[in-house]
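Let's take a walk through a protein together. Have the sequence and the 3D view open side by side, and keep turning the view as we go.

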Amino acid sequence: MPRFQAPRGTRDLLPAERASLLHLERMALALATRYGYQPIETPLFEQAEVFERGVGQATEVVEKELFRVQAGRGDGDGERWALRPEPTAGICRAYVQHGMQTLPQPVRLTLTGPMFRYDRPQAGRYRQFWQFDVEAIGDPGPAVDAEIIELADRFLRDAGVGETELLLNSIGDAACRPDYVAELVGHYRSHAAELPPAERERLERNPLRLLDSKDPGMAAINATAPRSLDRLCDACAQHFAAVRAHLDALGVRYRLEHRLVRGLDYYTRTAFEFFPRGAEGQQDALGGGGRYDGLIELLGGRPTPGIGFGIGLDRVALALAARGAGGASVEGVPADPVAVVVGADPADTVTRLRIVTELRAAGLTARADLGQRKLARQMEAAARDGAHFAVIGGDELRSGQVIVKDLLAGTQRTVDLPELAHELQRAQAQHRHVPASE
Ligand code: AMP
């Protein structure tokens, strides 16, 4: 085994995997900008307090999974840093810092990038993973809730992950949630003897999370637990009814799931999550999101409503791979070179590099054989590369010419060097318009 390995829970994205992810990232950006969401980038790390406040001290993400960063040589000035476990807190910190409340509201933002959680690695659960994130800050909804959910739904459909199921819930707000949580705690206390020890401990710190516990011992207790949807105040109930009416009008199908509470403290009202149809395990969620009307204030801003989602692109890529989809062709990133420049004189790398540089400058995808092997070996490699043309530098170079061999058609001809790029472009365009069978 090699001495150095990628850290546990991380993985190298080799070219085919990187191309799939790049494809998803580009799709995400194109879709989000079509909906009016503008790209934003925040640092990969923040003051740990941004996440402690924004995500919640009593959540697993902060308690156990926060990837804390040790600044070198004490130049952190006593600051505590952490890698971002999710994008919303950093984006909201930026919203406050840059006074975005003075912009027309809502501010629609999108970000795609790596997130970090110091979690126990397993299939579909990594310590570094990629999220496509969308946030609409400054609109209390309900219409924008539906806009965001429909956008997430469309992304998953456009990506081609197959049938998904959307779970929807409302977890109330500062007016009705405290009473609901108190009732929930009462329910669990009355079953204290039956609670698994880990859940009993969570009851004191984050009782809502017991609802989505995967412990089989919780199923019966949760089946009789009070439901947040039955305890919403009038304002929250109206909001939720309107979100549903908007989703119905858009034809977005969903299932009400009272146990869906999401892991992060700042969520209010609308909560949603997407799963591949038939799979509902914790590692299966493709993405989720919700409303966080209290978050901006927690981070030092004026009270400002917001809603967003994060879709796990690693999970999307896994779902695509499982369906045999998600090939490596990426728009703007050609997989195969159009031309490979080879030469009869193995030592003359100057000429090959000069010719290929000119082709690249003209916008062609090209590679030159820069090793010092014989022409026959160079030609074999060109064919293996899937190149359309081999540009062969031989004796004709003396009269400023090369041979262009069409490796697909098996034909070849002599071309003046100044015409080469143009000639390849023309031949390639022609090929594209003529189906191979003709
Ligand atoms: P969360 O904020 O935990 O709901 O995460 C949003 C989405 O990110 C999830 O639905 C997953 O698709 C993805 N995700 C979360 N944690 C991980 C992880 N450790 N590894 C891979 N994907 C993850």
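Which of the 13 residues around the ligand come nearest? They are Arg 117, Tyr 126, Gln 131, Arg 262 and Ala 285. Before you zoom in, keep in mind that this is a predicted model.

Start with the oxygen atoms of the ligand. In the side chain of Arg 117, an N or O atom is 2.8 Å from a ligand oxygen. Gln 131 also has a polar side-chain atom pointed out here, 3.1 Å from an oxygen atom of the ligand. Gly 312 takes part through its backbone: an N or O atom there lies 3.4 Å from a ligand oxygen. How much of the ligand's accessible area does the protein cover? On its own the ligand has 480 Å² of accessible area, and the protein covers 91% of that.

Now look at what the shell around the ligand is built from. Strand E6 (128-137) and strand E11 (306-312) are the elements that give two or more residues to this shell. Sorted by class, the shell has four nonpolar, five polar and four charged residues.

Next, let's go hunting for charged pairs. Side chains of opposite charge can pair when their charged atoms come close. How many salt bridges does a search of the whole structure find? The count is 26, and a few of them make good stops on our tour.

First stop: Arg 18 and Glu 25, whose side chains meet in a salt bridge with N and O 3.0 Å apart. Is Glu 25 buried or exposed? Glu 25 counts as buried because its relative accessibility is 15%, under the 20% cut-off. Its partner Arg 18 is partly exposed, at 30%.

Second stop: Asp 369 and Arg 373, with their closest N and O atoms 2.9 Å apart in a salt bridge. Here Asp 369 is buried, with just 2% relative accessibility, while Arg 373 is partly exposed at 35%.

Third stop: Glu 423 and Arg 413, a salt bridge in which the closest N and O atoms are 1.9 Å apart. Glu 423 sits in helix H15 (residues 420-433) and Arg 413 in strand E16 (residues 412-416), so this pair ties together parts that are 10 residues apart in sequence. Glu 423 is buried at 14% relative accessible area, and Arg 413 is partly exposed at 43%. Salt bridges can also share partners: Glu 163, Glu 165, Arg 255, Glu 257 and Arg 277 are joined into one network that way.

One member of that network, Glu 257, leads us to Asn 169, because Glu 257 is among the residues that Asn 169 touches. You'll find Asn 169 in strand E7 (residues 164-170). Its relative accessible area is 0%, so Asn 169 is buried. What does its side chain meet there? A polar atom of the Asn 169 side chain lies 2.8 Å from the backbone oxygen of Leu 260. Beyond its sequence neighbours up to four places away, Asn 169 also touches other residues, including Ser 228, Phe 240, His 258 and Thr 270.

Finally, head back toward the start of the chain. Leu 13 is in the segment before helix H1 (15-34). Setting aside neighbours within four places in sequence, Leu 13 is in contact with Arg 18, Leu 21 and Trp 130. That brings back Arg 18, the partner of Glu 25 in our first salt bridge.

Key:
Residues numbered from 1 in each chain as written. Predicted model: local features only at pLDDT ≥ 70, side-chain atom pairs only at ≥ 80, totals over all residues. Heavy atoms only, no water. Near = heavy atom within 4 Å. Polar contact = N/O pair within 3.5 Å; in protein donor to acceptor, adjacent residues only side chain to side chain. Areas by Shrake-Rupley, 256 points an atom, 1.4 Å probe, with all protein chains shown as cover. Helix = DSSP H or I, 4+ residues; strand = E, 2+ residues; numbered from the N terminus. Nonpolar A, V, L, I, M, F, W, Y, C, P; charged D, E, K, R; others polar. Salt bridge = Lys/Arg side-chain N within 4 Å of Asp/Glu carboxyl O. Buried < 20%, exposed > 50% of the residue type's maximum accessible area, 1.4 Å probe, protein only. Contact = heavy atoms within 4.5 Å.
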